[in-house]
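Student: I have a structure open in front of me and would like to learn how to read its features one at a time. Could you take me through it slowly?

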Amino acid sequence: MTKRVEIENLSFAYRGNPVLRSVNITAEGGDFVCLLGPSGCGKSTLLRLIAGLERPDAGSIRIGGAAVAGPGLDRGVVFQDYSLFPWLTAGENLVFALEQAFPGRRRRDHVEDARAQLGRVHLEGAFDKLPSQLSGGMRQRVAIARAFATDPPLLLMDEPFGALDAVTRAHLQEHLLALWQTPSGAAKTVFFVTHDVDEAILLASTVVVLGANPGRIRGVFDIDVERPRSRQSLQSNPRYLALRAAMVDLLYERSDDAGDAGTLQ
Ligand SMILES: Nc1ncnc2c1ncn2[C@@H]1O[C@H](COP(=O)(O)OP(=O)(O)OP(=O)(O)O)[C@@H](O)[C@H]1O
Ligand SMILES: [Mg+2]
């Protein structure tokens, strides 16, 4: 089951302060959309709106044709911090999510699924560990495993790897792509927030560059670089270099010089 996400003329303000203005994004089912933009441009707010944690002031968000009316189990969310319950073990964090998503199943089945999902991120030994006993990278792997465990058609990830060292980050990017590219994972639509141009190009099928004050779309890039993509092979790929240069230009251009959203085809 894939989910198309349509964001139309979305505007949002926090107590009169405009945060997002006239945002239009359409993601087809199975798209991997990276949201890239400077601090404060409204990336997290946009994710919260898609998650149903905030309501638009104008415009609409539709998921699979239905307007978002609040949070739902069709959306798995991974935040940068605090996304695991610290008082539950890694395994019980997954079991809890599975119980919410599939009430009425036997606990034994949830435990078995939780173990299998932890295995997919190479954390089979962490089932009984509390988050405080795990490294930052391991916690993020548990959070990813939890998001995939309930098999939501839509994944919302807010700078999930932002706080990690470069090596751990590279491993987790590979884990995420491996999960997304499995037969069931490939059906997932992903919205992934990052500050990092290289991370965006490595992961995305579409990159949306946002500008600040108020947050709005500066450019939409179709990432037509073949997969699998590796950091090494990208460095010498002319298409990657062109995309990267265009995105960096947009990101560093003074926002008040900017015209309407540009598109690189
Ligand atoms: N709960 C809130 N109440 C009032 N204003 C808020 C709230 N959350 C965010 N804002 C404001 O909305 C704007 C966008 O914030 P948001 O967190 O979406 O930015 P961001 O692009 O995710 O930034 P970063 O890259 O630093 O995470 C900022 O000006 C911020 O001050
Ligand atoms: Mg943010």
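Tutor: Let us begin with domains, whose bounds come from an automatic or database domain assignment. Please keep in mind throughout that this is a predicted model.

Student: Which domains does the assignment give for the chain, and which residues belong to each?

Tutor: Domain 1 is made of three stretches, 30–56 + 66–74 + 154–265, while domain 2 covers 86–151. Taken over C-alpha atoms, the centres of domain 1 and domain 2 are separated by 26 Å.

Student: How many residues of domain 1 and domain 2 are in contact?

Tutor: Contact here means heavy atoms within 4.5 Å. By that reading, 14 residues of domain 1 are in contact with 13 residues of domain 2.

Student: What area do domain 1 and domain 2 bury between them, and on which atoms does it lie?

Tutor: The two domains bury about 1,200 Å² between them, and 74% of that area is on carbon and sulfur atoms. On the side of domain 1, the residues that lose the most area to domain 2 are His175, Leu179 and Lys188, which together account for 42% of what that side buries.

Student: Which polar features should I look for across the interface of domain 1 and domain 2?

Tutor: One salt bridge is found by the rule across this interface, and two residue pairs are found there in polar contact, both at pLDDT 80 or more. If you look at the side chains of lysine 188 and aspartate 151, you will see them meet in a salt bridge, at 2.6 Å from N to O.

Student: Which elements give two or more residues to the side of domain 1 that touches domain 2?

Tutor: They are strand E7 (154–158) and helix H5 (166–180). The largest share of that side comes from H5, which gives six residues. Sorted by class, the side of domain 1 that touches domain 2 has 10 nonpolar, three polar and one charged residues.

Student: Since helix H5 has come up, is glutamine 173, which is found there, buried or exposed?

Tutor: A residue counts as buried when its relative accessible area is under 20%. Glutamine 173 has 5% relative accessibility, and therefore counts as buried. Not counting residues up to four places away in sequence, glutamine 173 touches Phe161, Glu199, Leu202, Leu203 and Arg231.

Student: Where is aspartate 74 found, and what is it in contact with beyond its neighbours in sequence?

Tutor: Aspartate 74 is in the loop between strand E5 (66–67) and strand E6 (75–78). Leaving aside neighbours within four places in sequence, aspartate 74 is in contact with Ile63, Pro152, Pro153 and Leu154. The side chains of aspartate 74 and arginine 75 are joined by a polar contact of 2.8 Å. Aspartate 74 is described as partly exposed because its relative accessible area is 22%, and the band for that term lies between 20% and 50%.

Student: Which residues does threonine 2 contact, leaving aside its neighbours within four places in sequence?

Tutor: Threonine 2, placed in the segment before strand E1 (5–14), is in contact with Gly29, Gly30 and Ala187. It is instructive to set sequence beside space here: threonine 2 and aspartate 151 are 149 residues apart along the chain, and their C-alpha atoms are separated by 11 Å. With a relative accessible area of 48%, threonine 2 is partly exposed.

Student: What should I look for in the backbone, and where are the peptide bonds that are cis?

Tutor: Omega is the angle to read for a peptide bond. A cis bond joins asparagine 213 and proline 214, with omega about -15 degrees, and proline 214 is found in the loop between strand E9 (206–211) and strand E10 (216–222). The peptide bond from arginine 227 to proline 228 is also cis, with omega near 0 degrees, and proline 228 has its place in the loop between E10 and helix H7 (231–235).

Student: Which residues other than glycine have a positive phi?

Tutor: Among them is asparagine 9, in strand E1, whose phi is about 45 degrees. Another is serine 22, with phi near 45 degrees, found in strand E2 (residues 17–27). Asparagine 9 counts as partly exposed at 47% relative accessibility, and serine 22 is partly exposed as well, with a relative accessible area of 42%.

Key: Residues numbered from 1 in each chain as written. Chains lettered and ligands numbered in written order. Predicted model: local features only at pLDDT ≥ 70, side-chain atom pairs only at ≥ 80, totals over all residues. Heavy atoms only, no water. Buried area = accessible area lost by both parts, 1.4 Å probe. Salt bridge = Lys/Arg side-chain N within 4 Å of Asp/Glu carboxyl O. Polar contact = N/O pair within 3.5 Å; in protein donor to acceptor, adjacent residues only side chain to side chain. Helix = DSSP H or I, 4+ residues; strand = E, 2+ residues; numbered from the N terminus. Nonpolar A, V, L, I, M, F, W, Y, C, P; charged D, E, K, R; others polar. Buried < 20%, exposed > 50% of the residue type's maximum accessible area, 1.4 Å probe, protein only.
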